[in-house]
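Hi,

Here is the structure I promised to pass on. Please have a look at it first; my notes on how its parts meet follow below.

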Amino acid sequence: MIGDFDLAIVGSGFGGSLMAMIAQRLGYRTALVERGRHPRFAIGESASPLAGILIEQLADRYQLPRIRPLSAYGSWQRTYPDIGCGLKRGFTYFRHERQQPYRASADRQNQLLVAASPNDELSDTHWLRSDVDDFLVREAIAAGVEYLDDTQLETLDRGGRCSVIRGRRHGAPVVIRAPLLIDASGPNGFISRAMNLPNRGFAGYPNTQALFSHFTGVERCEEIPDFAWRGPCQVRAGEPDKARPTIDDIEHTPYPLDDAALHHVFDGGWMWVLRFGNGVTSAGVAVTDEFAAELKLADGGPAWQRFLSLYPSIAAQFSAAQPTREFTWMPRLSWRVDRAADAGWAMLPSAAAFIDPLFSTGIPLTLLGIERMARILELANADVTTSAPRGSLESYGAVTLAEADHTARFIAGCYAAFPRFDQFAAYSMFYFAAASFSEMARRLGVNSRAARFLGGDRPAFAESLARLSPQLHAPDPGYASAVARSIEPLNIAGLCDPAKRNWYPVDTRDMVRGARKLGTVSFQTFSLAGEYR
Ligand SMILES: Cc1cc2nc3c(=O)[nH]c(=O)nc-3n(C[C@H](O)[C@H](O)[C@H](O)COP(=O)(O)OP(=O)(O)OC[C@H]3O[C@@H](n4cnc5c(N)ncnc54)[C@H](O)[C@@H]3O)c2cc1C
């Protein structure tokens, strides 16, 4: 295949396919090149409320109505029941000690529950990426994108006004010429290799590794006595202490514990447990090099068993679990290049940098990058004779890396706080404040107030996030109040409230109280939007 296009995109994960669809809608003749074939396994499954609203806004702006239902659980289930999806009502964290069963403390100091949506209909989702990516690439093809799978790219020549990528497909040569090249091939992907852009890493960030798979037979924590919450709200005077949670206990939590991104947190790392509706659960650990060495993480399955043997309540959750695929070991999780764009080329955020799955930052960062790149394409007005303006691409690249650096500072702080869960819970409020503020600002149509991820463009907020990092700041009695003061301008969700004792439901009254922080928004508008639609 030899062809001239306006835009070539390498990599057909959800990012590449969505970018290709948008470009094609904007009048760019787009080629999308993939080395593998769909459907195929991919990691990066837990979305977030910000991801949901970004999908909605991209679908509306670029007339992609068939993509819009993926923005929330209810519309997804009604429209595409066969595309694998899980319910993510919130973010659940349990703090574990070695060789000790988890026991929820009465003051809830070893757990944190933060709701992300008021009900299942509007809920966030986990994406079964094999299904989602397959669906999106088919949508891209239907939109007119030229799709080449099974293609092994070998070289990139950048000269004059065109990039030329060459490779082979089923033994035949492939040559694609385009004035603009977008790399959507993930960390250490096509451009990084072709242009020899190594992993520069993040300053002050811990070295971490991951081990993960998909499983069947993973228990719900709600079904495991260890995780039952036996605090004073549930146990009335004179009543015998409960060994197992009842449905009442579960209803008292802000949302069902397991219909969430469920995290087990321990010294040296954390574990994710994400349930899909088809009985499959994604689970994995992200740990420091030190803990990885102790577990001998490279061993795969045996390392997983060694890990479970340290934490009895997690082992109980996985007692009947069976992996449905080989374990994947990632000897280095984080990735960052020095340059994410220049004249004639750009990387999507996921090709430029990756930090850690904690707080599900990868999908929204990728979508923010797609949104920015789409605006650049809009401004270039499908002009095939010139490459997209150099200045726009350079500033796109700078913002992409600045957002990654800011996020890495935050995640590094979280790793430092894992051994001190109260500090982790307090510090996590930077994320929840920025995320809920951005989501609501976008829902109310004041996007400029939520321009950068994790409040990165708000100097005071970003400075406090860095200054109060648990890497630098030992916990003291004033720590939680210092965080509360710092997030106050973005706190529209009633966060940092000691009376809530680490359980944060979605409460529209909190949002109405926080309305003035969104500036131009009237209380009435805000109140209506508080219902989310
Ligand atoms: C362990 C782990 C867990 C994660 N969990 C989460 C999470 O829960 N939530 C979240 O928001 N983010 C998560 N992420 C991040 C998330 O995976 C990425 O943000 C997301 O996958 C980016 O999507 P993408 O389509 O841009 O790239 P990818 O999903 O990486 O897709 C890249 C595509 O490019 C193709 N490709 C690669 N090289 C070439 C080449 N040379 N030529 C042609 N094609 C190529 C690949 O085959 C693939 O199809 C996680 C990441 C990791 C590593």
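The chain of this predicted model is divided into three pieces: domain 1 covers 1–79 + 129–203 + 337–388, domain 2 covers 85–126 + 206–330, and domain 3 runs over 417–533. My notes are about how domain 1 meets domain 2.

The C-alpha centres of domain 1 and domain 2 are 32 Å apart. Their contact draws on 20 residues from domain 1 and 26 residues from domain 2. Between them, these two domains bury about 1900 Å², and 61% of that area lies on carbon and sulfur atoms. Which residues of domain 1 supply more of its buried area against domain 2 than any other three? They are F41, E45 and Y73, with 33% of the area that domain 1 buries there.

Now to the polar side of things. The rule finds 12 residue pairs in polar contact across the interface of domain 1 and domain 2, counting pairs with both residues at pLDDT 80 or more. Salt bridges across this interface come to 1. In the model, R78 and E121 form a salt bridge, with 2.9 Å between the closest N and O atoms.

Helix 3 (residues 73–79) is worth opening in your viewer: with 6 residues, this helix gives the most to the side of domain 1 that touches domain 2. Sorted by class, that side of domain 1 has 11 nonpolar, 6 polar and 3 charged residues.

Happy to talk it through whenever suits you.

Best wishes

Key: Residues are numbered from 1 along each chain as its sequence is written. This is a predicted model: local features need pLDDT of at least 70, side-chain atom pairs count only at pLDDT 80 or more; totals for chains, interfaces and linings use all residues. Side-chain values use heavy atoms; hydrogens and water are left out. Domain bounds come from an automatic or database domain assignment. Contact means heavy atoms within 4.5 Å. Buried area is the accessible area (1.4 Å probe) that two parts lose on being put together, summed over both. A salt bridge is a side-chain nitrogen of Lys or Arg within 4 Å of a carboxyl oxygen of Asp or Glu. A polar contact is a pair of N or O atoms within 3.5 Å; within protein, one must be able to donate a hydrogen and the other to accept it, and residues adjacent in sequence count only if both atoms are side-chain atoms. Helices (H or I, at least four residues) and strands (E, at least two) are DSSP runs, numbered from the N terminus. Ala, Val, Leu, Ile, Met, Phe, Trp, Tyr, Cys and Pro count as nonpolar, Asp, Glu, Lys and Arg as charged, and the others, Gly among them, as polar.
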